[in-house]
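Open the model in a viewer and keep the sequence beside it. The stops below say what to select and what is there.

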Amino acid sequence: MHKITDVSMEYDVLRENSKLARENYELLKEHDIMSVDFMGSIGSGKTSLIIKIGEKLAAKGLKVGAIAGDVTGEDDFGRMKRSGIDAYNCNTGKECHLDANMIHRALHQMDLDRIDVLLIENVGNLVCPADFPLGADIRVVVISVTEGDDMVRKHPDIFLHSDLAVLNKIDIADAVDVDPAVIAGDYSRLTGGRREIMMCSVKKDSGVDEIISEMGL
Ligand SMILES: Nc1nc2c(ncn2[C@@H]2O[C@H](COP(=O)(O)OP(=O)(O)OP(=O)(O)O)[C@@H](O)[C@H]2O)c(=O)[nH]1
Ligand SMILES: [Mg+2]
């Protein structure tokens, strides 16, 4: 009996999230905004990548907005603002992921007419964000070599719930004794040989242009 109640509550939460994600998607489309949800492990380089992409898109004349999702604090929000991105801070409190309702509230407080591309940084976590679509056009997972070579094997779900996967910090792969080819092989097998993980070093500005192009920008 207890179990049935739990399952039904979880179902309601996910269904409500999907409904709000659809509304977010429609609101963003009404304002002609292309949006990307960056998920990924803690410290993999999500903020660094968003800032680098933001700089490159701004150089192309696009207006870039961002939502910094963190459990607490203004660190990533501050970095985004200092880089010139029109950022909004979204602290989740105890939640380990953003949800569509948080994005719904954020969008209603942002000046959407001033944004062409919205880059959303999810909370660093390879589990929870997968179940909570936000209404973005594209979902990206960012991992880095510093987490070891087994992230795809340990967390297949999030890779299957995303459109694009990035392996960052390849500049220090040797130093942390990780072979990027192992991770690339796992990802290719998981996606039935249909996709390749995108190798990247934000620090060396390597692979970022290819990610932007894969996002259709
Ligand atoms: N060597 C190297 N370091 C990087 C690279 N990208 C990011 N870093 C460093 O990795 C650290 C974490 O980067 P962030 O961009 O804050 O990572 P994050 O995923 O946003 O972290 P959280 O939001 O805390 O989950 C910082 O010290 C960055 O300078 C890279 O390509 N190579
Ligand atoms: Mg960050």
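Select strand 2 first: 6 of its 7 residues are buried, so the strand is largely enclosed by the rest of the structure. Keep in mind throughout that this is a predicted model.

Add the partners of strand 2. It pairs with strand 4 in the parallel sense over 5 bridges, and Ala68 stands opposite Glu121 in strand 4. Strand 2 also pairs with strand 3, again parallel, over 6 bridges; there, look for Asp70 opposite Asn91 in strand 3.

Stay on this part of the chain and pick Ala66. Which residues is Ala66 in contact with, leaving aside its neighbours within four places in sequence? They are Ile50, Gly54, Met80, Ile85, Ala87, Leu118, Leu119 and Glu121. Ala66 also belongs to the largest nonpolar core, which has 60 residues. Within that core, the residues touching the most other members are Phe38, Ala66, Ile103, Leu119 and Ile120.

Now show the strands together. In what order do the 7 strands of the open sheet lie? The order is 3-2-4-1-5-6-7, and the pairing is parallel. Strand 3 (86–91) and strand 7 (198–199) are the edge strands, each pairing on one side only. General background for this view: strands of a sheet pair through backbone hydrogen bonds, either parallel or antiparallel.

Move along the sheet to strand 5 (residues 138–144) and strand 6 (residues 164–168). These two run parallel and are joined by 5 bridges. Ser144 stands opposite Asn168 in strand 6.

Turn on the helices next. Helix 2 packs on the sheet, where it touches strand 1 (34–40), strand 2 (64–70), strand 4 (117–121), strand 5 and strand 6. The direction of helix 2 makes about 170° with that of strand 4. Helix 4 (residues 100–107) lies across strand 2, strand 3 and strand 4, and runs at about 140° to strand 3.

Select Gly45, in the loop between strand 1 and helix 2. Is Gly45 buried or exposed? Gly45 has 24 other C-beta atoms within 10 Å, and because 20 or more is the cut-off, a residue with that count is buried. Apart from neighbours within four places in sequence, Gly45 is in contact with Val142, Ser144, Asn168, Lys169 and Val202. For Gly45 and Ser144, a distance label between the C-alpha atoms should read 7.4 Å, although the two are 99 residues apart along the chain.

From here, display ligand 1. It is surrounded by 17 residues, the closest being Gly45, Thr47, Ser48, Gly124 and Lys203. Helix 2 (residues 46–59) supplies the largest share of this shell, 3 residues. Colour the shell around ligand 1 by class to find 3 nonpolar, 9 polar and 5 charged residues.

Two loop residues end the tour. Most residues other than glycine have a negative phi. Asp32 has a phi near 60°, a positive value in a residue other than glycine. Asp32 is in the loop between helix 1 (2–30) and strand 1, and counts as exposed because it has 10 C-beta neighbours inside 10 Å.

Asp177 likewise has a positive phi, near 60°. Find Asp177 in the loop between strand 6 and helix 7 (180–190). With 9 C-beta neighbours inside 10 Å, Asp177 counts as exposed.

Notes: Residues are numbered from 1 along each chain as its sequence is written. Chains are lettered from A and ligands numbered from 1 in the order in which they are written. This is a predicted model: local features need pLDDT of at least 70, side-chain atom pairs count only at pLDDT 80 or more; totals for chains, interfaces and linings use all residues. A residue is near a molecule or strand if its C-beta atom, placed from the backbone, lies within 6 Å of it. Helices (H or I, at least four residues) and strands (E, at least two) are DSSP runs, numbered from the N terminus. Ala, Val, Leu, Ile, Met, Phe, Trp, Tyr, Cys and Pro count as nonpolar, Asp, Glu, Lys and Arg as charged, and the others, Gly among them, as polar. Two strands pair if DSSP finds at least two bridges between them. Two residues are in contact if their C-beta atoms, placed from the backbone, lie within 7 Å. Axes are lines fitted to C-alpha atoms, for helices over the stretch in contact, and angles run from 0 to 180 degrees between N-to-C directions. A nonpolar core is a set of buried Ala, Val, Leu, Ile, Met, Phe, Trp, Tyr and Cys residues joined through C-beta atoms within 7 Å. A residue is buried if 20 or more other C-beta atoms lie within 10 Å of its own, exposed if 12 or fewer, and partly exposed in between; C-beta atoms are placed from the backbone.
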